[in-house]
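Student: Here's the structure I'd like to go through. Can you walk me through it bit by bit?

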Amino acid sequence: VNWTAQDWERLAELRERFLEADAQSDTPEAGLAPSDWRSARDLALYDATFAQRIGWKWDAVFRELRLRGGLGSPAAAAPGVVVVDWGCGTGIAARRYLASAPSPPARLHLWDRSAAARAFAAECVRAEQPSLANEAGLAIETGPLPADLAPGCLLASHVLGELGPGELDELLALARRSEQVLLVEPGSRSASRRLSTVREELRGEFEVVAPCTHQAACGMLAPEQSTNWCHFFARPPSEVFQDAHWARFSRALGIDLRSLPYSFLALRRQPSSAPSSSPPGSATAGGGVRILGRPRILKGHALLDACDATGVRELALLQRLDRGLFRRLEDSAGEVVVLSLEVEGKRIRSVRNL
Ligand SMILES: C[S@@+](CC[C@H](N)C(=O)[O-])C[C@H]1O[C@@H](n2cnc3c(N)ncnc32)[C@H](O)[C@@H]1O
């Protein structure tokens, strides 16, 4: 892509509108439509920049799911299974899914209210996965979603902030017909808290696989956590920091390339025959405490936001208790920190990595 001054201006404009949507959708009159793609150029610019960054968030989510023995792809491997990327934009969620999935789905449905986005996303999938598209017979669909469609896996990314209540209901109804649901959103307070609300809507019917270590109510929705939010930081590929194009992107848009905050939710349908091993309200088999956000590093100790079935609380970890863990917490981007803890008051007495 050869970039003109207008391209950078347009990117800045798009970013402004995403931020506006994110901030305003905290209020009841949500339902802005900020990403009305004006042209294929818009989509190409977005895909080369914001979508790549979103792709690194998806990579972090897939890595966590692998590390924590997460979803695997049993649903995706079953014959005839369809994966849906809802609000696909340039299809980055589907593309990262296909790059990570141990076995490909039979069908991929790329859905967006913008026909230009759907066509662009399908082109990108074909270009990135020529053998899947041509030889393995992956069917790529971009038409309206059939009313009774029951996806093996539903992907949706950076879209909740654009939805009015009716549209959110439409997405939730599709989620309720899905085997697995993976949602990735920005790491802002408003986006993350929206995701916590979606978790509350769906957790009765699904097992929460990640980021939570439990099936209880989201601790971030407790009144005492109203200024806090569940989020994480992904680590961009190291090449990005040597790349002149990304340096320009960072300067032009005032974006710190090192900071890639995101929030996410991974759900799996509870098997209807076998009762869940982890009913709502209990800790999962894995259990443990998930460390959220960025620890606050102070002299000789760190303050951590720790989440488990009892809620979210701030705990203190002395550096000398576990120097290796302390180092991981100092630069926590890309770290999946799930711990088994013994705690006295606020202080961690003993710690074990899970
Ligand atoms: C910020 S973009 C994100 C695109 C992509 N999911 C990603 O992560 O890069 C939001 C996308 O959602 C689409 N969208 C917004 N509301 C929608 C709706 N009600 N139904 C389908 N698509 C929608 C927009 O057209 C846009 O392409």
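Student: Is tryptophan 37 buried or exposed?
Tutor: This is a predicted model, where local features need pLDDT of at least 70, side-chain atom pairs need 80 or more, and totals for chains, interfaces and linings use all residues. Residues are numbered from 1 along each chain as its sequence is written, and side-chain values use heavy atoms, leaving out hydrogens and water. Buried means under 20% relative accessible area and exposed over 50%, with partly exposed in between (1.4 Å probe, protein chains only). Tryptophan 37 comes out at 14%, so the verdict is buried.

Student: And how is tryptophan 37 oriented towards tyrosine 46 in their aromatic pair?
Tutor: Rings of Phe, Tyr and Trp (its six-membered ring) pair if their centres lie within 6.5 Å; planes under 30 degrees apart are stacked, over 60 edge-to-face, the rest tilted. Here the centres are 4.9 Å apart and the planes make 65°, so by that cut-off the pair is edge-to-face.

Student: What about phenylalanine 232 and tyrosine 262?
Tutor: Their ring centres are 6.0 Å apart. The planes sit at 45°, so this pair is tilted.

Student: Which relative accessible area makes tyrosine 46 buried?
Tutor: The bar is the one used for tryptophan 37, under 20%. Tyrosine 46 counts as buried because its value is 11%.

Student: How far is the side chain of aspartate 112 from an oxygen atom of the ligand?
Tutor: Take an N or O atom in that side chain and pair it with the ligand oxygen. For aspartate 112 the distance is 2.5 Å.

Definitions and conventions: Polar contact = N/O pair within 3.5 Å; in protein donor to acceptor, adjacent residues only side chain to side chain.
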